[in-house]
Amino acid sequence: MAPPEHLSVAQARRVALASQGFTDPPPGGAADRRHLRRVLRRLHLIQMDSVNVLQRAHFMPLYSRLGPYDPALLERAAYRGPRELFEFWGHEASLINVELQPLFRWRMSAAMDYAWGNMTRVARQQPDLVAWVLDEVRERGPITAAQIEHDAPRTKDHWGWNWSVVKQALEWLFYTGQVTAAERTTSFARRYDLPERVLPGAVLDAPTPARQDAIRALVALSARALGVAAEGELRDYFRLPVAGFKQAVAELVEDRVLLPVTVRGWKPPAYLHHEARLPRRVGAATLVSPFDPLIWERARTERLFDLAYRIEIYVPAAQRLHGYYVLPFLLGDRFAARVDLKADRKAGVLRIPAAWVEPGADPEETPEALAAELMRLAGWLGLHTVAPPDRGDLAGPLAAALAGRVAGVP
């Protein structure tokens with residue numbers, strides 16, 4: 001069958017969800033490493049973030065696609081040998097499939113062009129500090145920034161070697177690939193070590209592709225993960241530079257890896273990955289993290305799902321529209337609601353500061369499906385109770401649905 005040249009928004013939405021793994025069959029029992037690999041082959045990377053009001057960001061995309069799973073699966077893949085993931089700047093700070101490490105060496109080697117402020121400043125102004133920190137990692141790794149700072153020289157010549165500059169030096173070494181993350185502490189601090197003591201030898205020995213070849217490969221991976229996308233979204237997935245991007249897209253179009261398509265209502269030109277498929281339906285019923293690749297690019301999210309979504313963590317409380325840590329609820333192929341959530345671990349309660357229904361959502365199906373998902377999420381997080389919502393236009397129906405489930409009312 002010839003690939004389509006025109007897609008409706010509904011078709012583009014289903015293509016995107018299938019490409020992101022939301023139509024893959026759920027695990028028959030407990031998810032195992034095969035299921036984890038299946039998700040990671042689709043996404044290529046998972047964003048990390050330090051916010052832990054509900055669950056660390058990198059654990060959530062797997063939950064959204066697999067349901068409740070043992071987070072130790074991801075921890076082992078990232079921080080135990082043989083490594084299947086490595087930490088680097090992919091989208092933002094990310095866990096990336098380890099075999100892709102050679103594709104990011106151009107970014108490591110051009111760190112002065114792509115790294116930011118304090119990192120590049122310490123590399124230029126205090127190379128002796130950077131060399132000393134690298135020696136510390138070489139001799140004592142895996143090691144945290146705080147451990148290195150504790151032993152930093154306190155002589156007159158090194159009076160400025162405090163935690164911040166030690167950390168900046170480590171981040172420079174991390175960005176340039178001279179050190180990597182061996183593991184994370186319970187407080188989420190990196191333990192740094194040399195790549196040769198962390199990454200598989202086959203990965204380190206793999207040849208370094210030319211910069212343009214690497215960018216082209218990353219654009220192709222972006223397209224596969226997104227299914228259908230505009231150019232800006234293809235660039236955003238791995239935060240690629242402008243230089244070389246247009247050429248990569250043109251080459252992939254010429255090779256029929258990317259197929260130009262029009263999506264009804266989209267202004268920017270769109271491209272369909274040649275392996276993308278269009279499912280007849282999507283049966284999802286899951287919460288999606290603010291840091292999920294499905295909704296990374298907010299303009300795309302609005303075009304695909306008619307969902308105007310912004311994370312409001314950094315918005316003053318009085319000015320927030322929906323809440324502090326709000327997760328959209330995917331029901332079928334549409335977002336039907338959004339809920340502000342907090343894991344009260346001390347009390348064993350999943351708290352819902354706010355719950356909101358999306359326009360056009362089924363008023364009966366949505367609260368029942370969301371109640372079931374919230375109870376599933378709470379169980380995965382090891383919480384015993386789901387509290388009724390505090391506010392929001394879905395608060396009443398959702399509270400009733402939750403109460404009915406607790407009472408055993410179908």
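## The largest cavity

In this predicted model, the largest cavity is lined by F86, E87, F88, Q101, M108, F174, G177, V179, T180, P195 and L199. About 70 Å³ of space lies inside. Sorted by class, that lining comes out as seven nonpolar, three polar and one charged residues.

Strand β3 (residues 85-89) supplies the largest share of this lining, with three residues. We'll meet β3 again in the sheet below.

## The second largest cavity

The structure holds three cavities of 30 Å³ or more, and the second largest has a volume of about 50 Å³. Its lining is made up of L226, E233, D236, Y237, P293, L294, W296, E297 and R300. Here the class split is five nonpolar, no polar and four charged residues.

Helix α13 (residues 231-237) gives the most to this lining, with three residues. Keep an eye on R300 too: besides lining this cavity, R300 of α15 takes part in a helix contact with α1.

## The three-stranded sheet

Now for the sheet. It is open, has three strands in the order β2-β4-β3, and pairs them in the antiparallel sense. β2 (45-47) and β3 sit at the edges with a single partner strand each, so one side of each has no neighbour in the sheet. From one strand to the next, the twist averages 30°.

β3 and strand β4 (residues 93-97) are joined antiparallel over five bridges. Within that pairing, F86 has I96 of β4 as its bridge partner, and F86 is also one of the residues lining the largest cavity. Helix α4 (residues 72-79) packs on the sheet, where it touches β2, β3 and β4, and its direction makes about 75° with that of β3.

## Two helix pairs

Take α7 and α8 to begin with. The axes of helix α7 (residues 117-125) and helix α8 (residues 127-140) come within 5 Å and cross at roughly 100°. That angle makes α7 roughly perpendicular to α8. On the α7 side the contact uses V122, A123, R124 and Q125, while α8 brings P127, L129 and V130. Count them by class and you get five nonpolar, one polar and one charged residues.

The other pair is helix α1 (residues 9-19) with helix α15 (residues 298-305), whose axes come within 8 Å and cross at roughly 125°. This crossing makes α1 oblique to α15. V9, A12, R13, A16 and L17 of α1 meet R300, R303, L304 and F305 of α15. That contact divides into six nonpolar, no polar and three charged residues.

## Backbone spots to check

Two cis peptide bonds are worth finding on your screen. One joins G81 and P82, with omega about -10°, and P82 lies in the loop between α4 and β3. That loop therefore links the helix that packs on the sheet with one of the strands the helix touches. The other cis bond runs from G141 to P142, with omega near 0°. P142 lies in the loop between α8 and α9 (145-150).

Then there's F188, which isn't a glycine but has a positive phi of about 75°. You'll find F188 in the loop between β5 (180-184) and β6 (190-193).

Notes:
Residues are numbered from 1 along each chain as its sequence is written. This is a predicted model: local features need pLDDT of at least 70, side-chain atom pairs count only at pLDDT 80 or more; totals for chains, interfaces and linings use all residues. Side-chain values use heavy atoms; hydrogens and water are left out. Axes are lines fitted to C-alpha atoms, for helices over the stretch in contact, and angles run from 0 to 180 degrees between N-to-C directions. Helices (H or I, at least four residues) and strands (E, at least two) are DSSP runs, numbered from the N terminus. Angles under 35 degrees count as roughly parallel, over 145 as roughly antiparallel, 65 to 115 as roughly perpendicular and the rest as oblique. Contact means heavy atoms within 4.5 Å. Ala, Val, Leu, Ile, Met, Phe, Trp, Tyr, Cys and Pro count as nonpolar, Asp, Glu, Lys and Arg as charged, and the others, Gly among them, as polar. On a 1 Å grid over the protein atoms alone, a cavity is a set of points where a 1.4 Å probe fits but cannot get out, and a pocket is an open set with protein on both sides within 12 Å along at least five of seven lines; lining residues have an atom within 4 Å of a point. Grid points are joined across faces, edges and corners, and a volume is the space filled by probe spheres set on the points. Two strands pair if DSSP finds at least two bridges between them.
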